[in-house]
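User: I'd like to go through this structure with you and hear the reasoning behind each label. Could we begin with the cavity?

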Amino acid sequence: MRTTDRKSRDLKAALTSVSCQVKMDEIDAMFSHLLGEMDHLSQSLMPAADAPEVDPASLRDNAFSIGFTDLNESLNELEDHDLDALVADLGSNSNPQEPSSDERTDTHSAPPAMTQEPQPAAARPAPPNSTQPSRVKQTSELQTKADKINLALEKLKEAKVRKLIVKVLMSDGSSKTLMVDERQSVREVLDTLFEKTHCDCSIDWSLCETDPELQIERGFEDHEYLVELLSAWTRHSENKICFLSRPQKYVMFTDPQLFYMWKKKKSCSSEINKQAKELLIKEHFGGSALIVPDLEGTLYLKEDGKKVWKPRCFVLRASGIYYVPKGKTKSSTDLACFVRFEKVNVYTTNNYKQKYRAPTNFCFMLKHPCIQKESHYIKFLCCDDEHMLMLWVNSIRIAKYGTVLYQNYQAAVRRASTLQTLTSAAHKDRSNGHTPRTTPSKTTNVVNYPHEPPPDFIPPPPPGHEHA
């Protein structure tokens, strides 16, 4: 009897051991799969393994500049008054109670360039000869700017508010260099570019990011913070920031019937008047809850890792994009989630018909902003024509940003209206002869105006557009 009990206990122990081993094997398999997924995602978020190594100084510079090889280059590209403003702002943000030893040294070694106003001659040692050659004067000015750059380098590293020196490309191939801090929205950066470029301040102007590796583009939303957006770029990113006019930026408010009457004939939607458009906007954006366009239709989905596109029926909802599984209906109970909008942005693509053998070139992409290279976490979709691409991309923006998008539009309209009024008043004054144009002591050159114009200052037209 005792032998039987002993065998029974041994058998139970063996079974328990086998059961535990099976469970451990299952856990190990699940854990290995999880590690594989995490490794795949990390490879998507990180630069390539064979990327060239950089020195620590270069890494520090990348934390302060975008679009330049190093921080010194970016600071040299700043206009003099912008550099003065940067140094002044950094100086005001430093802690006056407990200055560091570096700050005390800078105070004595650097010239007093802490304001935006030009420094008086008395602030520097007077030259022994009042008729000093212009070459020596230019050398002194260059040395002064070099001192300012050195001071700015130190202050940037000590600043509590993160700042970036950003190169923005213009549509004509030129560029503008801006100093942006983490508190500035895209709307504020656009206003700065309006002042620097003297453009028409239309609501269509946008800041856009372009990714040459993935061949994609996205317009930043006006309420987003530029420094935060650029922080998602990888260290070796070749992405660019562009200042472009995008007529479709607020098309959902200038032509709301395209989105909320899209099932009707184009002739019906094109004849809608201004009052009807305002009613559509009020109905869908002015209530307690946002109403997303009930967009649906066939899109081509790219298979993971393959240049193969298959048609599927997709439906837009406020939370994301859903698809209709085979053999199912479009009822909400049958829909399967394709992607949610919380962590992804929508991008338009360039020449995907050649790159990925897409059915057409009217494609868009949904991905997390930190993914900067090809990954199976990226969703590729292709439309039949340009009109459907416009509907899908902008309807996704409506679903993702909601009423904030409408607030951006209203702010852009107010800003454009104010600037147009001021510009019209200035042109009227000039046409009435209030502003002399032939006075020898004055010129229309932009550089002769103060660095900080008063609020009602209207800059002259750019070179080549002056009145005859």
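Analyst: Happily! The largest cavity is lined by Glu209, Thr210, Asp211, Ile216, Glu217, Arg218, Asn239, Tyr347, Lys367, Pro369 and Gln372. This is a predicted model, in which local features need pLDDT of at least 70 and side-chain atom pairs count only at pLDDT 80 or more, while totals for chains, interfaces and linings use all residues. Residues are numbered from 1 along each chain as its sequence is written, and side-chain values use heavy atoms, with hydrogens and water left out.

User: What makes these residues the lining of a cavity?

Analyst: On a 1 Å grid over the protein atoms alone, a cavity is a set of points where a 1.4 Å probe fits but cannot get out, and lining residues have an atom within 4 Å of a point. The volume of the largest cavity, about 40 Å³, is the space filled by probe spheres set on the points, which are joined across faces, edges and corners.

User: Which strands each supply at least two residues of that lining?

Analyst: Those are β4 (205-211) and β5 (216-219). Strands here are DSSP runs (E, at least two residues), and helices are runs of H or I with at least four, numbered from the N terminus.

User: Why is Glu209 called buried?

Analyst: Buried means under 20% relative accessible area (1.4 Å probe, protein chains only). Glu209 has 9%, so it counts as buried. This residue lies in strand β4.

User: What makes the pairing of the Glu209 and Trp233 side chains a polar contact?

Analyst: A polar contact is a pair of N or O atoms within 3.5 Å; within protein, one must be able to donate a hydrogen and the other to accept it, and residues adjacent in sequence count only if both atoms are side-chain atoms. The Glu209 and Trp233 side chains make theirs at 3.1 Å.

User: Why is Val189 called buried?

Analyst: Val189 has a relative accessible area of 2%, so it is buried too. It lies in helix α7 (residues 186-197). Leaving out residues up to four places away in sequence, Val189 touches Leu178, Val180, Gln184, Leu207 and Leu226, where contact means heavy atoms within 4.5 Å.

User: What makes a group of residues a nonpolar core?

Analyst: They must be buried Ala, Val, Leu, Ile, Met, Phe, Trp, Tyr and Cys residues joined through side-chain atoms within 4.5 Å. The largest such core has 41 residues, and Ile321, Phe364, Leu366, Leu381 and Trp392 touch the most other members. Helix α14 (residues 386-401) gives this core its largest share, nine residues.

Conventions. Buried means under 20% relative accessible area, exposed over 50%, partly exposed in between (1.4 Å probe, protein chains only). On a 1 Å grid over the protein atoms alone, a cavity is a set of points where a 1.4 Å probe fits but cannot get out, and a pocket is an open set with protein on both sides within 12 Å along at least five of seven lines; lining residues have an atom within 4 Å of a point.
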